[in-house]
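Grab the viewer and a pencil: here is a short set of exercises with worked solutions. Try each task on the model before you read on.

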Amino acid sequence: EKPILKQLFDIENNVECRKVREKLTELDLNVQAVIPASANSRAVTDSEYEYAVPSSANVFAPILVLEDPASGEKDRTLVGSSDILQYLENKYPQKSST
């Protein structure tokens, strides 16, 4: 069973966030909610907000929150493009076109 990509905390003009968005597009994956996460956004400034940045994250973005039925994890939080990209590449290996 495939992971459910629940939330992506994203900053539009951030190079690291763009890498994650491009990989999601390349893999044709859908995220249930993409949340703007610039320093002055509600997701960052309002801890009571439904889409508040997870308190376990010590950077603003990119952050991917997912549910992985295979491992039983309900709200796994991946922080930073390198961790997110590594996870996506491991879970969704691309088939060679040759």
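## Warm-up: Arg21

Arg21 is partly exposed, with a relative accessible area of 22% (buried is under 20%, exposed over 50%, and partly exposed in between, using a 1.4 Å probe and protein chains only). Before going on, note that this is a predicted model, where local features need pLDDT of at least 70, side-chain atom pairs count only at pLDDT 80 or more, and totals for chains, interfaces and linings use all residues. Residues are numbered from 1 along each chain as its sequence is written, and side-chain values use heavy atoms, with hydrogens and water left out.

**Exercise 1.** Place Arg21 in its element and list its contacts beyond four places in sequence.

*Step 1.* Arg21 belongs to helix α1; helices here are DSSP runs of H or I with at least four residues, strands are runs of E with at least two, and both are numbered from the N terminus.

*Step 2.* Skip the neighbours within four places in sequence, and Arg21 touches Leu8, Asp10, Ile11 and Glu12, where contact means heavy atoms within 4.5 Å.

*Step 3.* For a longer view, go to Tyr51, which is 30 residues from Arg21 along the chain: the two C-alpha atoms are 18 Å apart.

**Exercise 2.** Is Lys23 buried or exposed, and what does it touch?

*Step 1.* Lys23 is also found in helix α1.

*Step 2.* Its relative accessibility is 12%, so Lys23 counts as buried.

*Step 3.* Beyond four places in sequence, Lys23 contacts Leu85, Leu88, Glu89 and Gln94.

## The whole chain

**Exercise 3.** Work out the fold pattern of the protein and how compact it is.

*Step 1.* Count the elements: there are 3 helices and 4 strands.

*Step 2.* Reading along the sequence gives β-α-β-α-β-β-α.

*Step 3.* The radius of gyration is 13 Å, close to the 13 Å from the globule rule for 98 residues, so the protein is as compact as a globular protein of that length. The radius is taken over C-alpha atoms, and the rule is 2.2 Å times the number of residues to the power 0.38.

*Step 4.* The C-alpha trace spans about 50 × 30 × 20 Å along its principal axes, and 39% of the 98 residues count as buried.

*Step 5.* Of the contacts with a separation of 6 or more, 57% are between residues 24 or more positions apart.

**Exercise 4.** Which helix has the lowest mean pLDDT among the elements?

*Step 1.* Start with the average: mean pLDDT is 88, and 91% of residues reach 70 or more. This score is the predictor's confidence in each residue, from 0 to 100.

*Step 2.* Helix α2 (residues 42–45) comes lowest at 86, while α1 is highest at 96.

## Cores and pairs

**Exercise 5.** Find the largest nonpolar core and the elements that build it.

*Step 1.* Look for buried Ala, Val, Leu, Ile, Met, Phe, Trp, Tyr and Cys residues joined through side-chain atoms within 4.5 Å. The largest such core has 15 residues, and Leu5, Leu24, Leu29, Leu64 and Leu88 have the most contacts inside it.

*Step 2.* At least two residues each come from β1, α1 (15–26), β3 (63–68) and α3 (81–91). The largest share, 4 residues, is from α3.

*Step 3.* Apart from this core lies another, of 11 residues, including Ala37, Val53, Ile63 and Val65.

**Exercise 6.** Which parts of the chain does the salt bridge between Lys6 and Asp75 link?

*Step 1.* A salt bridge needs a side-chain nitrogen of Lys or Arg within 4 Å of a carboxyl oxygen of Asp or Glu; the whole structure holds 10 of them.

*Step 2.* In the Lys6–Asp75 bridge, the closest N and O atoms are 2.6 Å apart. The pair ties strand β1 (residues 4–10), home of Lys6, to strand β4 (residues 73–79), home of Asp75, across 69 residues.

*Step 3.* At 52% relative accessibility, Asp75 counts as exposed.

*Step 4.* Now try Glu73 and Arg76, another salt bridge, with closest N and O atoms 3.6 Å apart. Glu73 is partly exposed at 31% relative accessibility, and Arg76 is partly exposed at 28%.

*Step 5.* Shared partners join Lys6, Glu67 and Asp75 into one salt-bridge network.

**Exercise 7.** How are the rings of Tyr49 and Tyr51 arranged?

*Step 1.* Rings of Phe, Tyr and Trp (its six-membered ring) pair if their centres lie within 6.5 Å; planes under 30 degrees apart count as stacked, over 60 as edge-to-face and the rest as tilted. The structure holds 1 aromatic pair.

*Step 2.* The centres of the Tyr49 and Tyr51 rings are 5.9 Å apart and their planes are at 75°, so the pair is edge-to-face.
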